[in-house]
2 protein chains.
Amino acid sequence: MAVAKKMRDFVENGSMIRKMFEEGARLKKIHGSDKVYDFSLGNPNLPPPEAFKRTLRAVVEADELELHAYMPNAGLAEARSAIAERASAEQGLAVDSSHVVVTCGAAGALNIVFKALLDPGDEVLVSSPYFVEYGFIADNHGGVLRSVPSASDFSLDLAALEAAMGSKTKIVLVNSPNNPTGRIYDRASIEGLARLLERKSRELGRTIYLVSDEPYRKIVYDGAEVPSVLASYASSMVATSYSKDLSLPGERIGFVAVNPAADDEAALMGALALANRILGFVNAPSLMQRVVARIGDACVDVAQYRRKRDLLALALKPMGYDFSLPEGAFYLFPRCPIADEPRFVGLLKEENILVVPGSGFGAPGYFRIAYCVEDSVIVGAMPGFERAIAKARGLGSALER
Amino acid sequence: MAVAKKMRDFVENGSMIRKMFEEGARLKKIHGSDKVYDFSLGNPNLPPPEAFKRTLRAVVEADELELHAYMPNAGLAEARSAIAERASAEQGLAVDSSHVVVTCGAAGALNIVFKALLDPGDEVLVSSPYFVEYGFIADNHGGVLRSVPSASDFSLDLAALEAAMGSKTKIVLVNSPNNPTGRIYDRASIEGLARLLERKSRELGRTIYLVSDEPYRKIVYDGAEVPSVLASYASSMVATSYSKDLSLPGERIGFVAVNPAADDEAALMGALALANRILGFVNAPSLMQRVVARIGDACVDVAQYRRKRDLLALALKPMGYDFSLPEGAFYLFPRCPIADEPRFVGLLKEENILVVPGSGFGAPGYFRIAYCVEDSVIVGAMPGFERAIAKARGLGSALER
């Protein structure tokens, strides 16, 4: 026993998403990668937009003095300004550059936010299903993640959230468009949550912060709108990344934008910058800060994700899979046709189809299909999806007999 | 009180280095940047080597598929192999790619190492003076930094280290060439430390790991050799960065290389990769991983730092400043001419000269001059250094009277 006990346990119980990723690598070695249908990872398959590539080349060619140098921990002035300007437009609330910290992606953003806010034992409240990483991040900083089931249509269950709030609640974390459900929390939900948080903060005599993890804000379909968290509640912040809308998950670039009216905002901004430093990020990667500062509203071609969504949904629906159409992000989250979720995920694996069990998101009985893949993967997997549900029904009837 | 209590205290007591950095910005606004002599920050002033720039352009131009995509948390196979090969040559011990994790710089590397190894209350032992950041990093992961004064020539005091080792000691951290002293721990010291750690690990019935933070390994003068920690002790690892030898501190790229013979190495490698993920790094920046994989042994022009060292040392010595010549890194660490360190640092500030007080490194009575600056800064500061020591002597005599 030399490795920290907690880390040993974490490694042994590992992330289901990563496990499926490794299982996929193993199967691809055996069967060839064109015979394995890997829907396990939210790794955008679209290339970054041309504007990104052009800007990256221009920044590298210009080779400005200090291009790779140290900078203030909160980020380059140029990047903070550009991000503040765009975030203000998106959120419908003026955020100046002093309220922005550039981060190593959304995971880096959430780590510094939790580090800045959580005292030992403080709770972070989230609606399930949720991205499993949140639990680790809360734990990193002495906090505890507490989850509350969402409503049956995956919208926020405000009554359940209220019932879960207590003297330890410090943060409510929302993720919309949601991973894994694709649900966007509508304006009424966000406004309702904001009023609830105002009331509970008063009742409990301490501010509950509202943190919005929204890397899929721009990946929405059919003209859907993502209501602003910043405009709804004073003690709020956005902690997000460019990983999905610019297809840059390997580069680790994102930001925190804090509502200037947030409680204790001056101390908070200082704590976020310090957390960026001492957690070892120091600053978000310098070159990428310059690039995102200069690309304006560039975004991947969302129409392609929409097409993939429809391709998948139109094929799975008639087979009998039960799901609602995602409003955003690039995940489908169907119900398992049998109660035994690992069994059904196993049936899919027999067909060389890799998905992530709902348990990996605190929602057993479902599974996640990440459709940010080549069309050929979606098309190629269809017969397997059909055979798996047929087998599941056979099992179902066998059990009924 | 909304921000975490600990973070509020940290922000208030902030880093002296960063404080001087901000003070510098303030003075530059008032007096003009050519009238302020800022030696406060270890921000390399040399440009990255041409090989780096060429490789960066080539990687960006080639725009390979997956250039910016997700990858395993431990890093790209290509980067891990190249780093393993170079580390093996530098350390004189075969390290394969499975024992390398690519990280967001040395600060990222140390964070994942401490996260992977420290149980609550475990101690990290370091020889002072030391980089103040180590204390924050240990604290991030529930550990405690414990420092032991080095010998009067800033070499390791093995007897003092031994006396400080106990049932809580989990890590001994060495930093050579040292920030702030410029001292390189010689072979006898490293071998002595290794034997001591073997004996104490046996006595205490638990492995003490030896972690080497060595970003200045290549920045050495007069043919000095940096003895290998990996080759000296089984349960050892290097946690370092390319920030200094490639002048890339803003890009956040470094690595951990673990001795394959380290105790519990399989669990340790799993824990390091997991820590990279859950602390929010996820992986070191993708583009930079490809670049460092392909640049071979490139390094900044160390001769220029040597020249700056000599320029500074040859001017300060005759004025009466007391220091030993740095063997590596780019810091001079003189003794304060008066016992009152803040007073003397204040006298330098009156001359618009910014240095970091030794207290910032756990070594009161000294101050650090980071000479990784333009020659004009060194030359321009000379009259101020002379006036400051003269004033200090006046104070000294005044006190004697």
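Here are some notes on the two chains of this predicted model, covering their contact, two helix packings and a few backbone details.

1. Let me start with the contact of chain A with chain B. Chain A puts 59 residues into the contact, and chain B puts in 60. On the side of chain A that touches chain B, the elements giving two or more residues are helix 1 (5–13), helix 3, helix 5, helix 6 (133–140), helix 9 and helix 10. Helix 5 of chain A has the largest share there, with 8 residues. By class, this side of chain A has 34 nonpolar, 13 polar and 12 charged residues.

2. Helix 1 of chain B, residues 5–13, is a good place to look next. Its buried residues are B:Met7, B:Phe10 and B:Val11. These sit on the same side of the helix, because the arc they cover around the axis is only 95 degrees. On the face turned away from that buried side you will find the exposed residues B:Lys5, B:Asp9, B:Glu12 and B:Asn13. The cover over the buried residues comes in part from the other chain: it includes helix 5 (105–117) and helix 9 (265–278) of chain A.

3. How do helix 9 of chain A and helix 1 of chain B cross? Their axes come within 9 Å, at an angle of roughly 85 degrees. The two helices are therefore roughly perpendicular to each other. Helix 9 of chain A makes the contact with A:Ala267, A:Gly270, A:Ala271, A:Leu274 and A:Ala275, while helix 1 of chain B brings B:Met7, B:Arg8, B:Phe10 and B:Val11. The residues of this contact divide into 7 nonpolar, 1 polar and 1 charged. Note that B:Met7, B:Phe10 and B:Val11 are the buried residues of helix 1 of chain B.

4. Within chain A, please also look at helix 3 (residues 50–62) and helix 10 (residues 286–294). Their axes lie 9 Å apart and the packing angle is about 130 degrees, which makes helix 3 of chain A oblique to helix 10 of chain A. The crossing is right-handed. From helix 3 of chain A the contact uses A:Phe52, A:Thr55, A:Leu56 and A:Val59, and from helix 10 of chain A it uses A:Leu287, A:Arg290, A:Val291 and A:Arg294. That gives 5 nonpolar, 1 polar and 2 charged residues. Both helix 3 and helix 10 of chain A also give two or more residues to the side that touches chain B.

5. Now for the peptide bonds. Most peptide bonds are trans. In chain A, however, a cis bond joins A:Ser176 and A:Pro177, with omega about -5 degrees. A:Pro177 lies in the loop between strand 5 (169–174) and helix 8 (187–204) of chain A. In chain B, a cis bond joins B:Ser176 and B:Pro177, and omega is about -5 degrees. The loop that holds B:Pro177 runs between strand 5 (169–174) and helix 8 (187–204) of chain B.

6. Two residues other than glycine are worth a glance for their positive phi. A:Asp222 has phi near 55 degrees and sits in the loop between strand 6 (209–212) and strand 7 (236–241) of chain A. A:Asp222 is exposed, since 8 other C-beta atoms lie within 10 Å. For B:Asn352, phi is near 60 degrees, and the residue belongs to the loop between helix 12 (341–350) and strand 10 (353–354) of chain B. B:Asn352 is partly exposed, with 19 other C-beta atoms within 10 Å.

Methods. Residues are numbered from 1 along each chain as its sequence is written. Chains are lettered from A and ligands numbered from 1 in the order in which they are written. This is a predicted model: local features need pLDDT of at least 70, side-chain atom pairs count only at pLDDT 80 or more; totals for chains, interfaces and linings use all residues. A residue is buried if 20 or more other C-beta atoms lie within 10 Å of its own, exposed if 12 or fewer, and partly exposed in between; C-beta atoms are placed from the backbone. Helices (H or I, at least four residues) and strands (E, at least two) are DSSP runs, numbered from the N terminus. The arc is that of the directions from the helix axis to the C-beta atoms. Two residues are in contact if their C-beta atoms, placed from the backbone, lie within 7 Å. Axes are lines fitted to C-alpha atoms, for helices over the stretch in contact, and angles run from 0 to 180 degrees between N-to-C directions. Angles under 35 degrees count as roughly parallel, over 145 as roughly antiparallel, 65 to 115 as roughly perpendicular and the rest as oblique. A crossing is left-handed if the near helix is turned anticlockwise from the far one by less than a right angle, and right-handed if clockwise. Ala, Val, Leu, Ile, Met, Phe, Trp, Tyr, Cys and Pro count as nonpolar, Asp, Glu, Lys and Arg as charged, and the others, Gly among them, as polar.
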